[in-house]
Amino acid sequence: MILVLVLAVLLVSYASSLRAYLVQREHIGDVKAEIVERRESIDALEREQRRWDDPAYLRSQARERLGYLLPGETGYQVLDEDGEPLGAGGTLPAQDVPREQPTAWWESTWESVELAARPPQVAEKEQPAERIGPAPSAGRKGSGGSGR
């Protein structure tokens with residue numbers, strides 16, 4: 001009986017220690033994941049800082065964000081219907097631009113192959129009218145021309 005009691009006490013103490021150990025391992029895993037995320041964030045910020053050290057990038061950002069121009073350049077600003085300037089993210093109304101469904105190149109190619117295999121038949125009523133005007137001059141003699 002005493003032996004069972006001692007084993008029960010040891011089991012309870014080890015169970016609570018095991019529980020604390022598992023919670024701590026989970027916390028360590030979360031902290032390691034957070035460290036990885038922060039290192040990636042630091043790397044991204046360092047890359048951004050190196051980009052800002054580049055004079056070409058700095059000029060492009062000044063043009064894009066602030067609208068700066070180099071000497072000798074002419075700037076243009078697009079206005080909407082009300083005469084207000086459109087911003088960089090402004091879009092024209094969708095109804096003004098006709099949307100045409102694009103066709104794949106192979107579809108138009110296949111249609112031309114089918115058309116070449118079976119050309120459209122022209123009905124007798126749709127035959128072109130006889131030629132109106134002077135007859136062709138092939139073989140006329142003595143027309144008084146220079147012979148060219």
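# Reading salt bridges and a helix contact

The side chains of Glu48 and Arg51 come together in a salt bridge, at 3.7 Å from N to O. This is a predicted model.

User: Happy to start there! How far apart in the chain are Glu48 and Arg51, and in which helix?

Analyst: With a salt bridge, look at the spacing along the chain as well as the distance in space. Glu48 and Arg51 are 3 residues apart in helix H1, so about one helical turn separates them.

User: Are these two side chains buried or exposed, or something in between?

Analyst: Here the cut-offs help: under 20% relative accessible area is buried, over 50% is exposed, and partly exposed lies in between. Glu48 has 28% relative accessibility, so Glu48 counts as partly exposed. Arg51, at 42%, counts as partly exposed too.

User: How many salt bridges does the structure hold?

Analyst: There are 3 salt bridges in the structure. One of them joins the side chains of Glu34 and Arg38, with 2.8 Å from N to O. Both residues belong to helix H1 and sit 4 residues apart, about one turn of the helix.

User: How do Glu34 and Arg38 read on the accessibility scale?

Analyst: Glu34 has a relative accessibility of 36% and therefore counts as partly exposed. Arg38 reaches 54%, so Arg38 counts as exposed.

User: Which residue does Arg63 pair with in a salt bridge?

Analyst: Its partner is Glu73, and the closest N and O atoms are 2.7 Å apart. This pair links distant parts of the chain: Arg63 is in helix H2, while Glu73 is in the loop between H2 and helix H3 (105-117), 10 residues apart. Arg63 is partly exposed, with a relative accessible area of 35%. Glu73 also counts as partly exposed, at 35% relative accessibility.

User: Now the helices, please. At what angle do H1 and H2 pack?

Analyst: For a helix pair, read the angle together with the distance between the axes. Helix H1 (residues 2-53) packs against helix H2 (residues 55-66) at about 90°, and their axes are 5 Å apart. Angles of 65 to 115 degrees count as roughly perpendicular, so H1 is roughly perpendicular to H2.

User: Which residues make that contact?

Analyst: From H1, the contact uses Glu48, Arg51, Trp52 and Asp53; from H2, it uses Pro55, Tyr57, Leu58, Gln61 and Arg65. Sorted by class, the contact has 4 nonpolar, 1 polar and 4 charged residues. You met Glu48 and Arg51 earlier as salt-bridge partners.

User: Gln61 catches my eye. Where is it found, and is it buried or exposed?

Analyst: Gln61 is found in helix H2. Its relative accessibility is 10%, and because buried means under 20%, Gln61 counts as buried.

User: What is Gln61 in contact with, apart from its neighbours within four places in sequence?

Analyst: With those neighbours left aside, Gln61 is in contact with Trp52 and Leu66. Trp52 is also among the H1 residues in the contact with H2.

User: Could we finish with the whole protein? How many helices and strands are there, and what percentage of the residues counts as buried?

Analyst: The protein has 3 helices and 0 strands. From the N terminus on, the order of elements is α-α-α. Of its 148 residues, 3% count as buried.

User: And how much area does the protein expose?

Analyst: About 14,900 Å² is exposed, with carbon and sulfur atoms supplying 57% of it.

Methods: Residues are numbered from 1 along each chain as its sequence is written. This is a predicted model: local features need pLDDT of at least 70, side-chain atom pairs count only at pLDDT 80 or more; totals for chains, interfaces and linings use all residues. Side-chain values use heavy atoms; hydrogens and water are left out. Axes are lines fitted to C-alpha atoms, for helices over the stretch in contact, and angles run from 0 to 180 degrees between N-to-C directions. Helices (H or I, at least four residues) and strands (E, at least two) are DSSP runs, numbered from the N terminus. Angles under 35 degrees count as roughly parallel, over 145 as roughly antiparallel, 65 to 115 as roughly perpendicular and the rest as oblique. Contact means heavy atoms within 4.5 Å. Ala, Val, Leu, Ile, Met, Phe, Trp, Tyr, Cys and Pro count as nonpolar, Asp, Glu, Lys and Arg as charged, and the others, Gly among them, as polar. Buried means under 20% relative accessible area, exposed over 50%, partly exposed in between (1.4 Å probe, protein chains only). A salt bridge is a side-chain nitrogen of Lys or Arg within 4 Å of a carboxyl oxygen of Asp or Glu. Accessible areas come from the Shrake-Rupley method with a 1.4 Å probe; for residues, only the protein chains shown count as cover.
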